[in-house]
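Thanks, everyone. Let me put the model up, and then I'll walk through a few parts of it.

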Amino acid sequence: MIRNPIPWPNGAKCAVAISFDMDADSLIHVAQPNDSHRRLYPTSMGRYGPNVALPRILDTYRRFGLKQSFFIPGWCLEKYPDTAEAILKDGHEIGHHGYLHEDPIMTYGTQREWFERALDAHKRICGKPPQGYRAPVYNITDEVIDLMQENGFRYDSSMMADDVPYVIETSKGQLYEMPVHWGTDDWPPFAHFEEIGYKMPVRSPSAALSGFWEEFEAQYEAGGFFMLIVHPFLTGRLARWRLVEKWIEETLKTRKVWFSTLAGIADHMDALQKSDVWSPSVEKLPYFNAPPLGPQNF
Ligand SMILES: [Zn+2]
């Protein structure tokens, strides 16, 4: 069971979001800044995302009439403006995902510069500011939350405190949280990328994706929220995306689901709260103002 299920539109039993993080080759440039320009294989692996996988993914969504959310670093918007244009033209949403996929913990204290540089890219290339944010490697900090609130963001999608969307509250206000989890992220089963510190045993498409579908079944049964957090250069590859496409087709035919952008889910939560039908669970932040036992050298 779920503690505080959200009544979904049109009697749907479960909300579904297949969200993509389109990191492209930003990953190698941020991990190996001194010689990334010489590293052709990882650059090419990243470029597969916008150039090969994205058109395939957009084609599937068009065929099924789905609108979904894409998170894109500002540098990737600048480097691949045609991809951003194609995503927006089909009615999808693009969210903030750092500038060069910099980790907010590793760059703590300098996030304003990175965050605003990415925001500027969104305004210039997408023609509007983003409504949502997902932290690179999920490493959201209080510094980023302050910047989101200062810039009128509606939601974050980097934290894991509940099964369904909830509210995060600070002294400066509230944001919605669209919770993620590693169990529905394609990094563990598919990322083999030694140059950025990952050497995962790559799983077969069916083995990896069947784990995701089990997560869906539990969420569906409980009336919850199923979100995939996937990357075009990983899950957009031919054999993997073929299975996702089949799953979408079957799910639309046989289940009562609501596919939505995350901004669409935020709209729905606004409407439910306004009409007093439902109120979200609230996580108050900060969890701690300092390490709970003080700084230690373990
Ligand atoms: Zn990312």
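Which residue follows α6, and what is the sign of its phi? The residue is G152, and its phi is positive, near 70 degrees. Keep in mind that this is a predicted model.

Stay with α6 for a moment. This helix spans residues 142–150, and its buried residues are V144, I145, L147 and M148. Those four cover an arc of only 160 degrees around the axis, so they sit on the same side of α6. What lies over them? The cover includes helix α5, residues 111–126. It also includes β4 (132–133), β5 (155–156), β6 (166–170) and β7 (173–177).

Now to strand β1, residues 14–21. Eight of its eight residues are buried, so β1 is largely enclosed by the rest of the structure. In a regular strand, side chains alternate between the two faces of the sheet. In β1, one side carries C14, V16, I18 and F20. The other carries A15, A17, S19 and D21. Both faces are covered.

Next, the pairing partners. β1 pairs with β10, residues 225–230, in the parallel sense over six bridges. There, F20 stands opposite V230. β11, residues 257–259, also runs parallel to β1, joined by three bridges. C14 faces V257 in that strand. Then there is β2, residues 69–72, parallel to β1 over two bridges. D21 has F71 as its bridge partner in β2.

Last, the annotation. UniProt, in an unreviewed entry, places a "NodB homology" domain at residues 38–260. Over that range the chain is 48% helix and 16% strand. Its end C-alpha atoms are 40 Å apart.

Definitions and conventions. Residues are numbered from 1 along each chain as its sequence is written. This is a predicted model: local features need pLDDT of at least 70, side-chain atom pairs count only at pLDDT 80 or more; totals for chains, interfaces and linings use all residues. UniProt positions are given in the numbering used here, feature names are shortened, and annotations may be inferred rather than shown by experiment. A residue is buried if 20 or more other C-beta atoms lie within 10 Å of its own, exposed if 12 or fewer, and partly exposed in between; C-beta atoms are placed from the backbone. The arc is that of the directions from the helix axis to the C-beta atoms. Two residues are in contact if their C-beta atoms, placed from the backbone, lie within 7 Å. Two strands pair if DSSP finds at least two bridges between them.
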